Amino acid sequence: MNIWLPIIVNAIILGILVVGIFAGKKNGFVFELARLVFTCGAAVGLYFLNPIVANKLVEIPFIHEAVAHNVISFVTVKSLTLAAMFIVAFFVITGILKLIRLIARGKKESLNTAKQVKFKGITKEETRKFRKEQKRLRKTQKKEEKIARRKAVKTRVKVLGAILGFIEAVLIGFVIVFPLKSVLKDVKEIKPELVEIEKGYEY
């Protein structure tokens with residue numbers, strides 16, 4: 001009976017790890033390194049901020065009543081608060097980094113865009129032909145640049161990105177599973193007959 005819990009937890013962790021590897025490979029080394037550094041920095045800050053936030057949450061009437069009547073322990077409140085803040089911080093950091101990357105790419109593309117130039121001393125028909133030729137050359141140039149960029153992305157960089165993505169996934173998996181122990185302990189306190197829950201978690 002107690003086998004369902006470890007199966008579910010391990011399936012969730014495995015899913016997070018797989019997504020982390022493929023996301024890291026797609027995002028690349030630089031993006032993943034920046035996100036890992038900022039995420040670790042945020043984690044340290046949140047660790048020290050967590051007791052203050054948890055104490056404020058306990059002042060909310062229904063949470064205060066739950067803690068007072070041993071429906072939920074203060075340890076569980078702290079664990080869930082830390083996990084929630086970490087996940088929010090992770091997604092905020094991800095959004096900011098993607099926005100920065102998008103802006104940087106937009107500026108790079110705008111610099112590579114050729115401006116149309118008016119030529120004096122030639123007929124309108126020649127001007128139209130020349131502009132068509134310009135458009136054709138620009139399309140060819142863009143295709144060549146895309147091919148060059150794809151070739152520039154080396155396999156080693158992708159592998160490093162995947163490794164960093166795996167490390168981030170391990171952190172996220174740990175943060176998600178971390179509060180589960182105290183939650184299940186609270187459940188066992190309320191319903192002692194569910195002793196298999198704690199055994200399943202340990203397994």
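## A tour starting at Ala-23

Begin by selecting Ala-23, which is partly exposed because its relative accessible area is 25%, a value that falls between the cut-offs of under 20% for buried and over 50% for exposed. The model on screen is a predicted one, and Ala-23 has its place in helix 1. Add Ala-169 to the selection and draw the distance between the two C-alpha atoms: they are separated by 9.8 Å, although the residues are 146 apart along the chain.

Zoom out next to see the whole protein, in which there are 7 helices and 0 strands, so that the order of elements from the N terminus on reads α-α-α-α-α-α-α. If you colour by accessibility, 25% of the 203 residues count as buried.

**Helix 1**

Select residues 4-27, which make up helix 1, and place a distance between the C-alpha atoms at its two ends: they lie 34 Å apart, which agrees with the 34 Å that 24 residues should span at 1.5 Å a residue. Which residues of helix 1 are buried? Showing side chains here, you can pick out Leu-5, Pro-6, Val-9, Ile-16, Leu-17, Gly-20, Gly-24 and Asn-27 as the buried residues of this helix. Step on to Gly-28, the residue that follows helix 1, and check its backbone, where phi is positive, near 95°.

**The nonpolar patch**

Now switch to a surface view and select Leu-14, Val-18, Ile-21, Phe-22, Val-159, Leu-160, Ile-163, Phe-166, Ile-167, Val-170 and Leu-171, which together make a nonpolar surface patch of about 900 Å². Helix 1 and helix 6 (155-190) are the elements that give two or more residues to this patch, and helix 6 gives the most, with 7 residues. Pause at Val-159, which is found in helix 6 and counts as partly exposed because its relative accessibility is 42%; that value also clears the cut-off of over 30% that patch residues have to meet.

**The salt bridges around Arg-35**

Return to sticks and centre the view on Arg-35, where the 2 salt bridges counted in the model can be followed in turn. For the bridge within one helix, select Glu-32 as well: its side chain meets that of Arg-35 in a salt bridge, at 2.9 Å from N to O. Both residues lie in helix 2 (residues 29-58), 3 residues apart, about one turn of the helix. An α-helix has 3.6 residues a turn, so residues three or four places apart point the same way. Are Arg-35 and Glu-32 buried or exposed? Both of them are buried.

For the other bridge, keep Arg-35 and add Glu-168, with which Arg-35 forms a salt bridge whose closest N and O atoms are 3.0 Å apart. This pair links distant parts of the chain, with Arg-35 in helix 2 and Glu-168 in helix 6, 133 residues apart. Arg-35 is buried, and Glu-168 is buried too. With the three side chains displayed together, you can see that Glu-32, Arg-35 and Glu-168 are joined into one network by salt bridges that share partners.

**The positive patch**

For the last stop, go back to the surface and select Arg-128, Arg-131, Lys-132, Lys-135, Lys-139, Lys-142, Lys-143 and Lys-146, which form a positive surface patch. Take Lys-132 as the residue to inspect here, since it counts as exposed at 61% relative accessibility. Lys-132 lies in helix 5, which you can highlight by selecting residues 124-152.

Terms used
Residues are numbered from 1 along each chain as its sequence is written. This is a predicted model: local features need pLDDT of at least 70, side-chain atom pairs count only at pLDDT 80 or more; totals for chains, interfaces and linings use all residues. Side-chain values use heavy atoms; hydrogens and water are left out. Patches are made of residues with over 30% relative accessible area and no salt bridge: like charges are joined within 9 Å, nonpolar side chains (Val, Leu, Ile, Met, Phe, Trp, Tyr) within 5 Å. Accessible areas come from the Shrake-Rupley method with a 1.4 Å probe; for residues, only the protein chains shown count as cover. A salt bridge is a side-chain nitrogen of Lys or Arg within 4 Å of a carboxyl oxygen of Asp or Glu. Lys and Arg count as positive and Asp and Glu as negative; His and the chain ends are not counted. The place of a charge is taken as NZ of Lys, CZ of Arg, CG of Asp or CD of Glu. Helices (H or I, at least four residues) and strands (E, at least two) are DSSP runs, numbered from the N terminus. Buried means under 20% relative accessible area, exposed over 50%, partly exposed in between (1.4 Å probe, protein chains only). The expected span of a helix is 1.5 Å times one less than its number of residues.
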